[in-house]
Amino acid sequence: SANLESGSFFHQKQREDAALKLRTLLFSPLLISGKWKMRCFVESDFTQGQNLTRFQAINLQSENIIPGYGSSLPEGLTRIAANCTVVLFTPFEWLGFRVAPVLYAAAGVVGNNASDALQSKIYTGLGGGFAISNIHLAQSDFKLLVGYYPQLDEHLNVSSIKAWEYSFRDFDFSSPTAVSLN
């Protein structure tokens, strides 16, 4: 699936807080071995800002970019990032709970334009944990991840419990909203 967003505000005929965001999500066929199943998700992100107001910047701090990344640095006007998540679906169930081990690897760059971003330092994250589901609960899917971020001072980060982020929709038009930079 792909998601393309573009938007801008105008003040005195000048564009302000312009943003262009392109996100893609690809996934492998479901690989089956007996009662075990595995799927790989690959997500990419390109975000470009222009004429951003003060105190606004694009960074890597978003669960869909590098899961659990806790720093607002680096900052810039352009972000290019990708992550790969592998999920192993186990055949075991206990009281309606199903547990799936999750591994991820993610990388991203930030700069003041696309060519600057491609020349900048690459920030990475590696981690794993568990996705837990129970169809009898109101929030039926959640995950717990632990990540390692070699470029940060705090190399290890235990993410809080997060809702599972992969969802698929048909093509639709919705009411206009501001383009989020994260």
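The following exercises, with worked solutions, concern salt bridges and the nonpolar core of a predicted model.

Residues are numbered from 1 along each chain as its sequence is written. In this predicted model local features need pLDDT of at least 70 and side-chain atom pairs pLDDT 80 or more, while totals for chains, interfaces and linings use all residues, and side-chain values use heavy atoms, without hydrogens and water.

**Exercise 1.** Determine which residues are joined into one network by salt bridges that share partners.

*Solution.*
1. A salt bridge requires a side-chain nitrogen of Lys or Arg within 4 Å of a carboxyl oxygen of Asp or Glu. The structure holds three.
2. Glu93 pairs with Arg98 at 3.3 Å, N to O.
3. Arg23 pairs with Asp45, with the closest N and O atoms 2.8 Å apart. Arg79 also forms a salt bridge with Asp45, at 2.7 Å.
4. Hence the network comprises Arg23, Asp45 and Arg79.

**Exercise 2.** Classify Asp45 and Arg79 as buried or exposed.

*Solution.*
1. Buried means under 20% relative accessible area, exposed over 50%, and partly exposed in between (1.4 Å probe, protein chains only).
2. Asp45 has 5%, so this residue is buried.
3. Arg79 has 0% and is therefore buried.

**Exercise 3.** Identify the element that gives the largest share of the largest nonpolar core.

*Solution.*
1. Such a core is a set of buried Ala, Val, Leu, Ile, Met, Phe, Trp, Tyr and Cys residues joined through side-chain atoms within 4.5 Å.
2. The largest has 17 residues. Strands E5 (78–89), E6 (98–111) and E7 (123–133) each give two or more; strands are DSSP runs of at least two residues, numbered from the N terminus.
3. E6 supplies the largest share, five residues.

Methods: Helix = DSSP H or I, 4+ residues; strand = E, 2+ residues; numbered from the N terminus.
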